[in-house]
Amino acid sequence: MSCKGISCLSMESPADQAPGFWEVDPEAEITLMPPYDPMGPDGTHSPAIVLD
């Protein structure tokens, strides 16, 4: 059995079994903007942003 390319049944450390280093996409950008609109249609804060 395999869990994401690493043997689930092996007694070795998963770090020792991990395939090479992970390639990072330079075009991928982390944004800290919420997935919802912070302002409601009437110009006030949306309920989601108030709860956030």
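Is Asp 52 buried or exposed? I began my entries at this residue, and I note that the model is a predicted one.

**Entry 1: the C-terminal end.** I looked up Asp 52 and found its relative accessibility to be 66%, so the residue counts as exposed, the cut-off being over 50%. I located Asp 52 in the segment after H2. I then computed a separation across the chain: the C-alpha atoms of Asp 52 and Pro 38 lie 9.8 Å apart, with their positions 14 residues apart along the chain.

**Entry 2: the chain as a whole.** I listed the secondary structure of the protein chain and obtained 2 helices and 2 strands. Read from the N terminus, the order of the elements is β-β-α-α. I noted that the chain has 52 residues, of which 6% count as buried. For the accessible surface I recorded about 5100 Å², with 64% of that area belonging to carbon and sulfur atoms.

**Entry 3: confidence.** I checked the pLDDT and found an average of 75 for the protein chain. I also recorded that 71% of the residues score at least 70. Among the elements, strand S1 (residues 2-3) has the lowest mean pLDDT, at 68, whereas H2 has the highest, at 86.

**Entry 4: Ser 46.** Where is Ser 46 found? I placed Ser 46 in the loop between helix H1 (14-17) and helix H2 (47-51). Its relative accessibility is 10%, and Ser 46 therefore counts as buried, which requires a value under 20%. I next listed the contacts of Ser 46, leaving aside its neighbours within four places in sequence: they are Tyr 36, Asp 37, Pro 38, Met 39 and Gly 40. With one of these residues, Asp 37, I looked up a polar contact, in which the side chain of Ser 46 reaches the backbone oxygen of Asp 37 at 3.0 Å.

**Entry 5: Asp 42.** I turned to another residue of the loop between H1 and H2, namely Asp 42. Asp 42 counts as exposed because its relative accessible area is 60%. Which residue is joined to Asp 42 by a polar contact of the side chains? I found the partner to be Thr 44, at 2.7 Å.

**Entry 6: Ile 6.** I returned to the strands and found Ile 6 in strand S2 (residues 6-7). At 19% relative accessibility, Ile 6 falls under the 20% cut-off and so counts as buried. I also looked up the separation of Ile 6 from Asp 16, a residue 10 places away along the chain, and recorded 9.5 Å between the C-alpha atoms.

**Entry 7: summary.** I close with the residues examined: Ser 46 is buried, Ile 6 is buried, Asp 42 is exposed, and Asp 52 is exposed.

Note on methods
Residues numbered from 1 in each chain as written. Predicted model: local features only at pLDDT ≥ 70, side-chain atom pairs only at ≥ 80, totals over all residues. Heavy atoms only, no water. Helix = DSSP H or I, 4+ residues; strand = E, 2+ residues; numbered from the N terminus. Buried < 20%, exposed > 50% of the residue type's maximum accessible area, 1.4 Å probe, protein only. Areas by Shrake-Rupley, 256 points an atom, 1.4 Å probe, with all protein chains shown as cover. Polar contact = N/O pair within 3.5 Å; in protein donor to acceptor, adjacent residues only side chain to side chain. Contact = heavy atoms within 4.5 Å. pLDDT = per-residue confidence, 0-100.
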